[in-house]
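This report covers selected backbone features, one loop residue and the nonpolar cores of a predicted model. The sequence and structure come next.

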Amino acid sequence: MRNRLIMVVAATLAFPILSAPLSAHHSNAAFDAGKRLSVTGIVTEWFWANPHCLLSLDVKDGSGQVVRWIVETQAPPNMIPFGWSKQSFKPGDEVTITLEPARSGKPVGRLLRAVFADGRTLLPGGSAGGTVQ
Amino acid sequence: MTKRTAMSSAAVIAILTFANLTHAQLGFRRQPGAVYDVDFEGKKSGAAPRRSLAGIWEFANGGAEGIQADGVKAMPSDGKPEHELPFTPEGRAAFTSNKPTYGFTAVPSALTNDPMPGCDPQGFPRIVLHNAHTEQFLQTSTQVVILYQFNKKWRVIWTDGRALPKDPESPGWAIKDAPPPEPRWWGYSVGKWVDDYTFVAESNGFDDRTWLDNAGRPHSTVMRVVETYRRVDADHLEKTITIDDPKFYTRPWVALDRLRYRLQSPSLEIPEQECVPSETAKYNRLFANPAAGVDDSVK
C-alpha cells in the first residue's frame, strides 16, 4: 500500500510537467486556465495550418447529441519537433483529447494530450517539453 | 515490488520529472537537424574567426528561446516593477491603446488589434523579439543579409560606409542619386565592425504600425535600434538589441541581452513558416471567435 502511495505521489509530481501551458503566440485570456476536460470523439478534420493547427472532432454528449469540438495546438514548425505531422490524424480516427476549455462555454479549447484508440499518444511541445509516446 | 524497488522507482521518476522541469523552464525545443549546447557538454569551442557572422544560427539553449510570447526576453510584460518600460506619456498612451494577446494586458485573440495575426508585416525588430527562429547570415563586401524563418523574410544591413538617414521621419538615403526612402516596415540599417569580433548595426526610418513585441509594446517613427553581435568563439554568437525611441521612452532600454546562438551545419534546412491570410480567417472563424464568445454572424 505504501509502495503504491509512493508511486502515486511521483506520478502526481510528473503530471504538471505534461500539462504545462503551451508556448504559443495566441492569447491565453480566453481560456479557463487550470481547468481540464477529456472528450472522446471521431475526427472530422485535421487543419495543419498557421497560425495554429486545429483538430475538429464529433463528440456525443450525455444525451446522445453530437457536438463538434475544435481544439488548437501550435504552428506546424513548432509541432514537427515533437512528432506531429500533417498525417497525424485522418477523418474517422477515434481519439480522446484532454483539453483546456474556453471560458465562453463554446466547445473549443486547447489540446493538452491526444490518445488514439490503439494507445498512441501525442503531446504538444513548447515549454511543456512534450514528446511522442 | 519490494519496498526498495518502489523507492528507487519513485526516486528515478522524481529525478526525471525535475530534469524535465529544468528543460521546460529553459524552454528547450529542438529544431529538426539542429544542434544545441546540450549536445556538446564538456567540449570546448575553437577560436572565433575574424569579422565573420556568416552561417546558420540557432538558439544555443533550445528553439523556444525565441518565442518570447509575453514580450521581449529581457523585459517581459509581466507586471513586475523591474520590467516596467520607461514610457513617456505618449508612449504609455500608445501602449494602452494596443490590445495584445499576451502579457499582463492581454485580451482574447478575437479582440486584439495586433497587426501580426492578420498577416501584416511584423517588421524589424519584432522579427527577432517575438516568434524568432533560426536565422541565416550572408556576408558580402557591402552587406550583411539576414534570412529569417518566420514568413521567409530578409533584411539588409549595409556595410559600405553609408550613413543612416539623418531625419528618420523624412529619411534621405546617403547614396548619390538614390530616391529618398520612406519610413518602412523594416527600417534602414547600416553596420560596421568595431573590433574583429564585434559587429554593431544601427537602424531607423521605421513605420510605426508595427509593434516591438507580442505584448503590444509600441514604437514611434523616430525609433533607433542598435544590434550588437559578438562572435564569442567558433560556435557561438551573442545578440543584444537596444531600443532608443525618445518619443515613446525616456531612455534607451535593452530588449535582448546577449542572447546566445549556436552555429549550425551549412546544410541545415530552415523550415517554412508562413502567415497565410486565408488560413488565419478560418482559424478565427472556427476557433478564436468562439473561444472569445464573439458571434461571427453579426459581422
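Pro125(B) sits in the loop of chain B that runs between α2 (89–97) and α3 (126–129). The peptide bond leading into this proline from Phe124(B) is cis, and its omega is near 15 degrees. The model is a predicted one.

Two further loop residues of chain B have a positive phi without being glycine: Arg51(B) and Gln68(B). Arg51(B) is placed in the loop between α1 (3–26) and β1 (55–59), while Gln68(B) belongs to the loop between β1 and α2. Their surroundings are described by counts of C-beta atoms. Arg51(B) has 14 other C-beta atoms within 10 Å and is therefore partly exposed, as the count lies between the limits of 12 and 20. Gln68(B) has 27 other C-beta atoms within 10 Å, so this residue is buried, the limit being 20 or more.

In chain A, Trp48(A) occupies the loop between β1 (37–47) and β2 (54–60). Is Trp48(A) buried or exposed? With 19 other C-beta atoms within 10 Å, Trp48(A) is partly exposed, because a buried residue needs 20 or more.

The counts for these three residues are set out below.

| Residue | Other C-beta atoms within 10 Å | Class |
|---|---|---|
| Arg51(B) | 14 C-beta atoms | partly exposed |
| Gln68(B) | 27 C-beta atoms | buried |
| Trp48(A) | 19 C-beta atoms | partly exposed |

Leaving out residues up to four places away in sequence, Trp48(A) touches Cys53(A), Pro76(A) and Lys86(A). Its C-alpha atom is separated by 8.1 Å from that of Ala75(A), and the two residues are 27 apart along the chain.

The nonpolar cores remain. Which residues have the most contacts inside the largest nonpolar core? They are Leu129(B), Ala255(B) and Leu256(B), in a core of 41 residues. The element that gives the most to this core is strand β9 (residues 253–263) of chain B, with five residues.

For Leu256(B), the contacts beyond four places in sequence are Val72(B), Lys73(B), Ala74(B), Val128(B), Leu129(B), Lys239(B), Thr240(B) and Ile241(B). Another core, of 38 residues, lies apart from the largest one; among its residues are Phe89(A), Ile97(A), Ala114(A) and Ala69(B).

Technical notes. Residues numbered from 1 in each chain as written. Chains lettered and ligands numbered in written order. Predicted model: local features only at pLDDT ≥ 70, side-chain atom pairs only at ≥ 80, totals over all residues. Helix = DSSP H or I, 4+ residues; strand = E, 2+ residues; numbered from the N terminus. Contact = placed C-beta atoms within 7 Å. Core = buried A, V, L, I, M, F, W, Y, C linked by C-beta atoms within 7 Å.
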